[in-house]
Amino acid sequence: MAEQKFWLIKSEPFKYSWDDLVAEKEGTWDGVRNHLAKNNLKAMNVGDECFFYHSREGLEIVGICTVSVADILDPTDETGKWAAVKVKPKCKFDNPVSLKQIKAEPRLQDCDLVRLSRLSVASIKPDEWKWICEMAEG
DNA sequence: GCCAACGTTGGC
DNA sequence: GCCAACGTTGGC
């Protein structure tokens, strides 16, 4: 088993929300059309944990999901060039962590979510993961 | 709805 | 291979 890594995946809630994922039990996280995001996707392993972030609406991390299937082909992509993963919901945050809170936290100024706001799959350092989890617990 | 940031495309 | 134009994303 490879070392566990941490990620943040973004989804627009009106397109595919946390509740949709919970309802389905397992969701395919596809539609990535960005090379850096694709590289991150391909670096995911089964068992890695991901923050689930609502973009455009909500603007907060709403919960944690676990990678259940790694490195599959994006079913929405005809060219076969793009990657996807499957994820399962793990837990929902009691207190969702908003982008505002993250930007207000000096230790998180350096994270991919702040620096590369348009990246839909960002990697999270273990420290950053821990801090955000602490914020979610209130 | 606006605008900034970024990626992609296409002309040269 | 460079760079301007354009499209898309996402925060505000």
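Strands, in the sense used here, are DSSP runs of type E with at least two residues, numbered from the N terminus. In this predicted model, strand β5 of chain A covers residues 83-98, and S98 lies in that strand. S98 counts as buried, because its relative accessibility is 17% and the cut-off for a buried residue is under 20%. When the neighbours within four places in sequence are left aside, S98 is in contact with L59 and E60. One of these two partners, L59, also belongs to the residues around DNA strand C.

The overall architecture of chain A comprises 5 helices and 6 strands, and these elements follow one another from the N terminus in the order β-α-β-α-β-β-β-α-α-β-α. The chain has 138 residues and a radius of gyration of 14 Å, which agrees with the value near 14 Å that a compact globule of that length would have. Taken along the principal axes, the box filled by the C-alpha atoms of chain A is roughly 40 × 30 × 30 Å. Of the 138 residues in chain A, 46% are buried, while the accessible surface of the chain amounts to about 7,500 Å², with 49% of it belonging to carbon and sulfur atoms. Among the contacts between residues at least 6 apart in sequence, 69% join residues that are at least 24 apart.

A pair with a sequence separation of 24 residues is formed by W131 and R107, whose C-alpha atoms are 8.4 Å apart in space. W131 lies in helix α5, which spans residues 126-137, and it touches both R107 and L108 when residues up to four places away in sequence are not counted. With a relative accessible area of 18%, W131 is buried, since the limit for that class is under 20%.

The model also contains DNA, and the surroundings of strands B and C are described in turn. Around DNA strand C are the residues K10, E12, Y53, S55, R56, L59, L99, K103, S117 and R118. Of the atoms of this strand that come within 4 Å of the protein, 78% are accounted for by sugar and phosphate. By class, the protein surface near DNA strand C is made up of 3 nonpolar, 2 polar and 5 charged residues. Two contacts involve phosphate oxygens of DNA strand C: one such oxygen is 3.1 Å from an N or O atom in the side chain of Y53, and a phosphate oxygen is 3.2 Å from a polar backbone atom of R56. A base of DNA strand C is approached as well, with a polar side-chain atom of R118 at 3.0 Å from a base oxygen.

The residues around DNA strand B are N34, H35 and R118. Here 55% of the strand atoms within 4 Å of the protein belong to sugar or phosphate, and the rest belong to bases. In the side chain of H35, an N or O atom is 3.4 Å from a phosphate oxygen of DNA strand B, whereas R118 places a polar side-chain atom 2.6 Å from a base oxygen of that strand. R118 thus appears among the residues around DNA strand B and also among those around DNA strand C, and its polar side-chain atoms lie 2.6 Å from a base oxygen of strand B and 3.0 Å from a base oxygen of strand C.

How values were computed. Residues numbered from 1 in each chain as written. Chains lettered and ligands numbered in written order. Predicted model: local features only at pLDDT ≥ 70, side-chain atom pairs only at ≥ 80, totals over all residues. Heavy atoms only, no water. Near = heavy atom within 4 Å. Polar contact = N/O pair within 3.5 Å; in protein donor to acceptor, adjacent residues only side chain to side chain. Helix = DSSP H or I, 4+ residues; strand = E, 2+ residues; numbered from the N terminus. Rg over C-alpha atoms; globule rule 2.2 N^0.38 Å. Buried < 20%, exposed > 50% of the residue type's maximum accessible area, 1.4 Å probe, protein only. Contact = heavy atoms within 4.5 Å. Areas by Shrake-Rupley, 256 points an atom, 1.4 Å probe, with all protein chains shown as cover. Nonpolar A, V, L, I, M, F, W, Y, C, P; charged D, E, K, R; others polar.
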